[in-house]
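User: I would like a close look at one part of this model, with the terms explained as you go. Could you take me through it in a connected way?

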Amino acid sequence: MFVRWSAAIAAVALLSGPALAQGTKPTDPQIAHIAYTAGVIDVNAAKQAVKKARSKDVKAFAEDMLRDHEAVNKQALALVKKLNVTPEDNDTSKALSKQASDKLAELDKLNGAAFDKAYVANEVAYHETVNGALETQLIPSASNAELKSLLQTGLKIFQGHQQHAVHVAAELK
Amino acid sequence: MPGRLSSIVTAVVFATMVVPAHAATIQITMENLEISPAEASAKVGDTVEWINKDVFAHTATAKSGEFDVNLPAKKSGTTVVKKAGIVEYYCRFHPNMKATLKVIP
């Protein structure tokens, strides 16, 4: 519990940190970059889990994450192409990526039940964070209607992931 | 006894007449992670077609195990309902997507 919350708090601090804390709204190219980065992070985490997970439920959950996040990102790429927008790297994206690669390395050292538990706990915290950011920052800041709508669909599907992760975590105990 | 027999006869006649003659296709849409209509009804022998309008893969999976239809993104899938009863089904990938199919004889 402590680990889960501290991870969530750390992630929230990161997200609300550099780029978004200055009171400046992120621009659409920045939002697209953040959303896409967040998706890639979960895809990478899922790929690791598909390989390492011991529990059947955890593996199935990871496969769900892989399928959905790849689908959303494919849509996101198609949309930025259509809108002729170049996603713009920013401090939030950088902070997310850095934190994610640390997490991947940390999880890589774990095996079996310990890995399963840590992966799922991180998925709960990560979706909580990203969903919070979508709801309070990214969606309200998005100015293009199609981008906003894709983010809203994303939020809906990720809220489902969060519930699913909470459920899987409970089953592991 | 004669009453029971005649009702069986009626039921048999009814079943043989109605099922092949009225087989229809019931369309159900999955869009934006919602199944619509959430409550649909079909007759035994009807085809149920799920149309997945999402970019996500879905499934139509009966809790009873009666059917498990895979619905890739932007594709549809069908099943022929064979047994009367209330079938609760959901999407295995997105368990929040739930619906009911009422199959009448």
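Among contacts in chain B between residues at least 6 apart in sequence, what percentage join residues at least 24 apart? Please start there and then look closely at chain B, with a word on its partner.

Analyst: Happy to. This is a predicted model, in which local features need pLDDT of at least 70, side-chain atom pairs count only at pLDDT 80 or more, and totals for chains, interfaces and linings use all residues. Residues are numbered from 1 along each chain as its sequence is written, while chains are lettered from A and ligands numbered from 1 in the order in which they are written.

The figure you asked for is 46%: that share of the chain B contacts between residues at least 6 apart in sequence joins residues at least 24 apart. Contact here means C-beta atoms, placed from the backbone, within 7 Å. Of the 105 residues of chain B, 24% are buried, that is, have 20 or more other C-beta atoms within 10 Å of their own.

Chain B has one helix and nine strands, and along the sequence its pattern reads α-β-β-β-β-β-β-β-β-β. These elements are DSSP runs numbered from the N terminus: helices are H or I with at least four residues, strands E with at least two.

Five of the strands of chain B make an open sheet, ordered E3-E9-E8-E5-E6, with mixed pairing; strands pair if DSSP finds at least two bridges between them. At its edges lie E3 (39–43) and E6 of chain B, each pairing on one side only. Neighbouring strands are turned by 25° against each other on average, direction ignored, as judged from lines fitted to C-alpha atoms.

Now for one end of that sheet. E5(B), residues 58–62, runs antiparallel to E6(B), residues 68–71, and four bridges join the two. Within this pair, Ala60(B) stands opposite Val69(B). The hairpin has five residues between its strands, and in it Gly65(B) takes a positive phi near 85°.

As for the partner, 10 residues of chain B are in contact with 10 residues of chain A. On the chain A side, H3 (56–83) and H6 (145–172) are the elements that give two or more residues. That side divides into two nonpolar, four polar and four charged residues.

H3(A) deserves a glance too. Its 28 residues should span 40 Å at 1.5 Å a residue, which agrees with the 41 Å between its end C-alpha atoms; the expected span is 1.5 Å times one less than the number of residues. Its buried residues include Phe61(A), Met65(A) and Val72(A), and their cover includes H2 (28–52), H5 (112–141) and H6 of chain A. Just after H3(A), Asn84(A) takes a positive phi of about 60°.

Note on methods:
Two residues are in contact if their C-beta atoms, placed from the backbone, lie within 7 Å. Ala, Val, Leu, Ile, Met, Phe, Trp, Tyr, Cys and Pro count as nonpolar, Asp, Glu, Lys and Arg as charged, and the others, Gly among them, as polar. Axes are lines fitted to C-alpha atoms, for helices over the stretch in contact, and angles run from 0 to 180 degrees between N-to-C directions. A residue is buried if 20 or more other C-beta atoms lie within 10 Å of its own, exposed if 12 or fewer, and partly exposed in between; C-beta atoms are placed from the backbone.
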